[in-house]
Amino acid sequence: MHSGGASNGGTSGAGAIAGSGGSGGGSTPQCDTSWDSRPSKGDDLVLTPPMGWNSWNAFHENINERQIREVADLMVSAGLRDAGYIYLNLDDKWMDDDGRDGSGRLVGDSERFPSGMAALADYVHDLGLKFGLYGDRGTDTCAHYNANTPSESGSYGREMLDAETFASWGVDYLKYDNCAIAPGRDNDQAQEEDYRAMADALKASGRPIVFSICAWDAKPWMPEVGHLWRSTFDIGLCFAGCDEWYRNIDEIIDENDETVDWAGPGHWNDPDMMVVGNGLPYNEDVAHFSMWALMAAPIILGNDIRTMSDETHGILTNEEVIAVNQDPAGVQGSRVVDNGDQEVWMKPLCTVDGPEKAVVLLNRGGGTARISLSFDDIGIAGGATVRDLWAHEDLGEYTGSFETDVASHSVVMLKVVETER
Ligand code: GLA
């Protein structure tokens, strides 16, 4: 259903009306983006949340050219590209440990990326995908800083040169991290300046490049400067209850819900990359994927897709759930009912106050619970049809409310359509 390029590449025009993003043949419903009052960035990039794959959650620092080409091949042969996942992004540790070249330009690690980054970008482009890289606003990237290499991998003070280099290689997406902050710049104002410097340099490069801010917290200037910005610290492989340095999925959901109003076409809250397929139980993977879809979050996969199970593949290619994420109105869904561990989340589809809503009934608790959805709470008066987006089943027409059992750490995800207004 999704032709990835169309929904992610940003080909639809800016303005109040956007196409459907592709819910199949027939007439194309027009969707309303006029609710979004934030000024346009002057580009048409990521008018729906970006979808793709990133190396970090799968491989961390252990990346190389052969493995990345295999991932690229699989994105096509496993149907991920055609499901909408068009960005293939390298994370940290693609740069040479020993530093820049003689003219101060960034270079790829010559052992792990012997053909160079431009050749890899060409390979990825030839498959109909887009190519992303990672950089840092400080003097070094996080991994190079931690390993204490002389890489000079950070872009501080070299933004124009690095943006030019990225553009010359054919980079389409830059994730820009927040480590090894230059002396005297560890404050809010300098942080904003540093991110603006790279945003401006990317614009000056003349190549449309998605700018993904990774500074572990949402700040008011970010929607203007970035196409997406991390709303939280790093995701961990834990749905709830782990007391570790990383963020649990249920903590991320809460934090990402604090800045709902900041999201819209071309500017998205980023609750971090996916961990679906990395070891959580099936129900938690489904809950994680459903919540990211409902929150209009970027869906950047973080599993080794060369070895993914059929179950994982099934989650990642659920067209009905992806359609919720890629809804052209671009409204971030939010929590509308909070009954302790049982919650109702809603994302309006196609327009802010229309008849169609995506709903997630979320049970964060330790046992199965009955969750009731009152239509009043999602702006529907009277009757509505209800469809289960994981069972792919129409459940019938209901008046006033709908209720169902939801297992522990699980969701039921629905599309609810008002029958008359
Ligand atoms: C930070 C980011 C992660 C990842 C690593 C790489 O922790 O938040 O997403 O990019 O750096 O070192």
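Analyst: Two strands pair if DSSP finds at least two bridges between them. Helices (H or I, at least four residues) and strands (E, at least two) are DSSP runs, numbered from the N terminus. The model here is predicted: local features need pLDDT of at least 70, side-chain atom pairs count only at pLDDT 80 or more, and totals for chains, interfaces and linings use all residues. Residues are numbered from 1 along each chain as its sequence is written.

User: Happy to start! How many residues lie between β11 and β12 in their hairpin?

Analyst: β11 and β12 pair in the antiparallel sense, and five bridges hold the pairing. Within it, D338 faces E343 of β12. In the turn, G340 has a positive phi of about 70°. The number of residues between the two strands of the hairpin is two.

User: Which strands stand at the edges of the six-stranded open sheet?

Analyst: This sheet has antiparallel pairing and the order β11-β12-β13-β18-β15-β16. Its twist averages 25° from one strand to the next (axes are lines fitted to C-alpha atoms, for helices over the stretch in contact, and angles run from 0 to 180 degrees between N-to-C directions). Each edge strand has a single partner, so one side of each is left without a neighbour in the sheet; the two are β11 (334–339) and β16 (393–399).

User: Which residue of β16 stands opposite T385?

Analyst: Strand β15 covers residues 383–388 and runs antiparallel to β16, with six bridges joining them. Opposite T385, in β16, is E397.

User: What is the strand order of the eight-stranded open sheet?

Analyst: The edge strands, each pairing on one side only, are β9 (268–270) and β10 (299–301). From one strand to the next, the twist averages 25°. With parallel pairing, the order is β9-β8-β7-β6-β5-β4-β3-β10.

User: Which residue of β7 stands opposite Y173?

Analyst: β6 (residues 173–177) and β7 (residues 210–213) run parallel and are joined by four bridges. Opposite Y173, in β7, is V210.

User: How many residues around the ligand are charged?

Analyst: The surrounding residues (C-beta atom, placed from the backbone, within 6 Å) are W56, D91, D92, C142, A143, D177, C214 and D234. Ala, Val, Leu, Ile, Met, Phe, Trp, Tyr, Cys and Pro count as nonpolar, Asp, Glu, Lys and Arg as charged, and the others, Gly among them, as polar. On that scheme the shell has four nonpolar residues and no polar ones, while the charged residues number four.

User: How far apart are the C-alpha centres of domain 1 and domain 2?

Analyst: The chain is divided into domain 1 (4–325) and domain 2 (334–418), with bounds from an automatic or database domain assignment. Their C-alpha centres are separated by 29 Å.

User: Which element gives the most to the side of domain 1 that touches domain 2?

Analyst: 20 residues of domain 1 are in contact with 19 residues of domain 2 (C-beta atoms, placed from the backbone, within 7 Å). The domain 1 side divides into 13 nonpolar, two polar and five charged residues. β2 (31–32), α11 (282–294) and α13 (319–325) each give two or more residues to that side. Giving the most, with seven residues, is α11.

User: At about what angle does α11 run to β18?

Analyst: α11 lies across three strands: β12 (342–348), β13 (356–363) and β18 (410–418). Relative to β18, α11 runs at about 40°.

User: What is the radius of gyration of the chain?

Analyst: The chain comes to 13 helices and 18 strands. For 421 residues the globule rule (2.2 Å times the number of residues to the power 0.38) gives 22 Å. The chain is close to that, so it is as compact as a globular protein of that length, and its radius of gyration, taken over C-alpha atoms, is 21 Å.

Technical notes: Contact = placed C-beta atoms within 7 Å.
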